[in-house]
Amino acid sequence: MTVDPTGAPTTALLTDHYELTMLQAALAAGTAHRRSVFELFPRRLPEGRRYGVVAGVGRALDALERFRYDDAALAALREGEVVDGPTLDWLADYRFGGDVWGYAEGETYFPSSPLLVVEGTFAEAVLLETLLLSIYNHDSAIASAASRMTTAAAGRPCIEMGSRRTHEEAAVAAARAAYLAGFASSSNLAARQRYGVPTAGTSAHSFTLLHDSEADAFRAQVTSLGTGTTLLVDTWDVAEAVRLGVEVAGTGLGAVRLDSGDLGVLAVRVRAQLDELGATGTRIIVTSDLDEFAIAALRSAPVDAYGVGTELVTGSGHPTCGFVYKLVAREGADGTLQPVAKSSPDKASVGGRKYALRRRDAHGVAEAEVIGIGTPPRDDGDDRSLLVPLVRGGEVVGREPLEVARRRHLASREELPVAARSMSKGEPVIETLHVGD
């Protein structure tokens, strides 16, 4: 792994080969330094989804600052004969010096939303395509699924616990994205260290099986972690485990966890048993391959919190958002920016630099995503501008605490029409309108 002069890993090789071959050809043709505008956007939402959630902005800004071709990276390109000598010389001095505007992290999005507008020379902007897409596509997919899950939970806390179901670095990004979209905590300690995501955890079945009896395991856990701990009660007989748990910890036992079986039926039985034993304040946490639909189905059950793993870190059926990064304007012979666009029927793009606002009614409810082409759309007084400055002249200006983005998401989701809360498949809850050139 190569590192930049600060000691942080460089992100310059987290890209596709063709970014560099395009750069080499453009440098040779004399077109590499034309002013250009790239746009990162979704052509559509994943099938059946009613809105999406922007995530990964903070990670992308960190990655942009570390996008440097150091000696090791240049050596790898040279040894692999990826590009020629003049291109290597250019890369050695590479620093992004342009401007980036984008939707703030946590914001909801819709088809054609210009999530990022990257302005600079063709050479400096084209190199960022793969890096930006990989971060945005992954993190936004997780956040979009997490938002649906926290909506289904209706105020009950959700715990992210999917680290073992994905790549170790994807797990950290997933924990961050889930917290952004309303999850209360994560099992991932790297997410706590890097991003301040609250973490939680107690024990697995192996801890119970280690001991000579379930009672011994419960005693060891309560002695070490206190009576407020969560006991896993489905290793063998659930009813007997609940009885033992209250016997060992007392009626102040913090919680019990159910990880198998018919969770709704079991939760009802366990709640009745806990109340009968006097443990009326003991919470019930359920886990076991939950998704937003399972969470919604458990809404009437006496469940206090949900632990979600596999379905969350795989985007609950949609592990990517399908974002693309396209050149939408470039400098013409007269020095002005000219719109450019791809016109193939199923992959068409809209040329021109974009601006965006969320049109809202007099009650603050979102009505449309209005995309201005060439000029900003008119604000009728109830609307909300969506693009914020992220990078100016190569310097990051849009970094913010994760808690700010978390609050933004809740506010943005709250302003959507009530249909956004539905778990059934449907069309985007607001339409996208293009206005201008």
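1. In this predicted model, the C-alpha atoms at the two ends of residues 13-136 lie 17 Å apart, and the span is 42% helix and 19% strand. An unreviewed UniProt entry annotates residues 13-136 as "domain: Nicotinate phosphoribosyltransferase N-terminal".

2. F96 is placed in the loop between α4 (85-92) and β3 (99-103). Its relative accessibility is 7%, so F96 counts as buried, the cut-off being under 20%. Beyond its neighbours within four places in sequence, F96 is in contact with L64, V118, E119, E124, A125, L128, V391 and G394. For one of these contacts, L128, the separation from F96 is 32 residues in sequence and 9.1 Å in space, C-alpha to C-alpha.

3. The count of aromatic pairs is seven. One of them is F38 with F122: the ring centres are 5.9 Å apart and the planes stand at 40°, so the pair is tilted. F38 belongs to strand β1 (residues 35-42) and F122 to helix α5 (residues 122-126), so this pair ties together parts that are 84 residues apart in sequence. Both F38 and F122 are buried.

4. W90 and Y94 form another tilted pair, with ring centres 5.7 Å apart and planes at 55°. W90 is partly exposed, at a relative accessible area of 21%, whereas Y94 is buried, at 2%. The two also belong to a cluster in which ring pairs link F67, Y69, W90 and Y94.

5. Which residues of strand β9 are buried on each of its faces? On one side of β9 (residues 255-258) these are A255 and R257, and on the other V256 and L258, so that both faces are covered. In a regular strand, side chains alternate between the two faces of the sheet.

6. Strand β8 (residues 230-232) runs parallel to β9 and is joined to it by three bridges. Within this pairing, L231 stands opposite V256. The chain passes from β8 to β9 through helix α11 (residues 238-249), in a right-handed β-α-β crossover.

7. Strand β10 (residues 283-286) is also parallel to β9, with four bridges between them. Here A255 of β9 stands opposite R283 of β10. The connection from β9 to β10 goes through helix α12 (residues 263-276), and this β-α-β crossover is right-handed.

8. Two arginines are placed over tyrosine rings. R353 lies over the face of Y355, at 4.2 Å from the ring centre. R406 has its charged end over the ring of Y179, 4.0 Å from the centre.

Methods: Residues numbered from 1 in each chain as written. Predicted model: local features only at pLDDT ≥ 70, side-chain atom pairs only at ≥ 80, totals over all residues. Heavy atoms only, no water. Buried < 20%, exposed > 50% of the residue type's maximum accessible area, 1.4 Å probe, protein only. Contact = heavy atoms within 4.5 Å. Pairing = 2+ DSSP bridges. Right-handed = clockwise from strand over helix to strand, strands pointing away. UniProt positions renumbered as here; feature names shortened; annotations may be inferred. Phe/Tyr/Trp six-rings, centres within 6.5 Å; stacked < 30°, edge-to-face > 60°. Lys NZ or Arg CZ within 6 Å of the ring centre and 35° of its normal.
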